[in-house]
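Thanks for coming. Please have the sequence and the model open while I talk, and stop me if you lose the place.

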Amino acid sequence: MKNNQKVHLALQLETDLKEKLNALFQVTEENPDASKSEILSAIADVEGILGFPNLSMDADFFDAAPNLRVLSLASVGYDFVDVDAATKRGIVICNTPGVLTNAVANLTISMIFIITRKLIENETFVRTGGWARGKPAPALGTDIEGKVLGLIGFGRIGQEVARRAQALGMKTLWYDVFDTLPDGAPNSDYRKLDNLLEESDFVSLHTNLSPSARHLIGEVQLDKMKETAYLINTARGPLVDQSSLTKALKSGTIAGAALDVFESEPTAENEPITQLTNAYCFAHIASGTEETRRAMRELALQNLIAVLSGNHPPAPVNPEVFK
Ligand code: DGY
């Protein structure tokens, strides 16, 4: 039954999900062209926000919404939210872990195939008539069996990538802020970060963007990688110092990179890294399947409804608010 609770919707929702939301709450939708002051006035009396308001979600943002009880994001990442500021104000932040694990792991493995089987070069060769005109074919690819995949971050997604890679015959190493194999994780060898970088043929990032993880991979770390190795990033752009990576790709410090995320998104037109032939760049599509994106929005809605109904949500980022 509809109640008087007000919710600010900053997300495109499927019709059935929107109907469910509208049936329960007084909903106002964010206009994509709304100015900062319009957004701040729209959230002034809401108890819930669903999605990603087009503003930085910091202390000032939360001060502008004194009745706010829950900010429910339709993403697993929440690096763009000042969680401490929200916690101090008793606001629950929710995210969508779990439902996108397979989609992200699948894209990571796809990137390994894109690199090793030269899929993009081959597709371009045919599309641009090179094959038809008898031009030299792109170089042969390489096998992945026996190659070493170093996973930086061994949570849900890192573990799922390890399972897939092992099934394909790769050896997996992992590094995280903890060094004990998590319960239920696929058996893999732990390495300190420097050792993992030195030993891996592919280094793949699967860690949160915490302030201490910013530029976790910079010039020093790239120098430790093999000249034949590739860096894969499906996690967050600022984990990597993009200008150092661009230099390393140009100078041959490493062989290449496959990137789904960048320091600034969308990337600028002619952003140097997107112009390199040894950088395979994608538009933040790791969770971008119909099924996964819907599951993320469903979970975000469930989180919102739970908090506004006085229940524990399935995926709070700051459960300490409930203590
Ligand atoms: C997330 O959920 O944080 C992803 O980056 C969205 O695609």
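Start with Asp79 and Arg236, which form a salt bridge whose closest N and O atoms are 2.7 Å apart. Keep in mind that this is a predicted model. One salt bridge is found across the interface of domain 1 and domain 2.

Now the domains themselves. Domain 1 is made of residues 6-98 plus 290-322, and domain 2 covers 101-281. Between their C-alpha centres there are 32 Å. Where they touch, seven residues of domain 1 are in contact with six residues of domain 2. The two domains bury about 490 Å² between them, and 46% of that lies on carbon and sulfur atoms. Which residues of domain 1 lose the most area to domain 2? They are Asp79, Gly98 and Thr292, which together account for 67% of what that side buries. So much for the contact; next, the record.

UniProt, in an unreviewed entry, lists residues 26-318 as "domain: D-isomer specific 2-hydroxyacid dehydrogenase catalytic". In the model, that span is 33% helix and 14% strand, and its end C-alpha atoms lie 25 Å apart. The unreviewed entry also lists residues 110-286 as "domain: D-isomer specific 2-hydroxyacid dehydrogenase NAD-binding". Here the chain is 29% helix and 15% strand, with 10 Å between the end C-alpha atoms.

On to the sheets. One of them is an open sheet of five strands, paired in parallel, in the order E2-E1-E3-E4-E5. Strand E2, residues 26-29, and strand E5, residues 92-94, stand at the edges; each has a single partner strand, so one side of each has no neighbour in the sheet. On average, neighbouring strands of this sheet are turned by 15 degrees against each other, direction ignored.

Look inside that sheet at strand E3, residues 48-51, and strand E4, residues 70-72. They run parallel and are joined by three bridges. For Leu50, the bridge partner in E4 is Ser72.

Staying with this part of the chain, there is another salt bridge to look at. Lys6 pairs with Asp45, the closest N and O atoms being 2.9 Å apart. Why does this pair tie together parts that are 39 residues apart in sequence? Lys6 lies in strand E1, residues 6-10, whereas Asp45 is in the loop between helix H2, residues 36-42, and E3, so the salt bridge links those two parts. The structure holds 16 salt bridges.

Now the other sheet. Seven strands form an open sheet, again with parallel pairing, in the order E8-E7-E6-E9-E10-E11-E12. Its edge strands are E8, residues 189-190, and E12, residues 279-281, and each pairs on one side only. At the E12 end, three bridges join strand E11, residues 256-259, to E12, and the two strands run parallel. Leu259 has Cys281 as its bridge partner in E12.

Last, a helix. Which strands does helix H5, residues 101-116, lie across? They are strand E6 (148-152), strand E9 (202-205), strand E10 (230-233), E11 and E12. Against E10, helix H5 runs at about 150 degrees.

To recap, look once more at the salt bridge between Asp79 and Arg236, then at the five-strand sheet and the seven-strand sheet. That is the end of my part.

Terms used: Residues numbered from 1 in each chain as written. Predicted model: local features only at pLDDT ≥ 70, side-chain atom pairs only at ≥ 80, totals over all residues. Heavy atoms only, no water. UniProt positions renumbered as here; feature names shortened; annotations may be inferred. Helix = DSSP H or I, 4+ residues; strand = E, 2+ residues; numbered from the N terminus. Pairing = 2+ DSSP bridges. Axes fitted to C-alpha atoms, helices over the stretch in contact; angles between N-to-C directions. Domains from an automatic or database assignment. Contact = heavy atoms within 4.5 Å. Buried area = accessible area lost by both parts, 1.4 Å probe. Salt bridge = Lys/Arg side-chain N within 4 Å of Asp/Glu carboxyl O.
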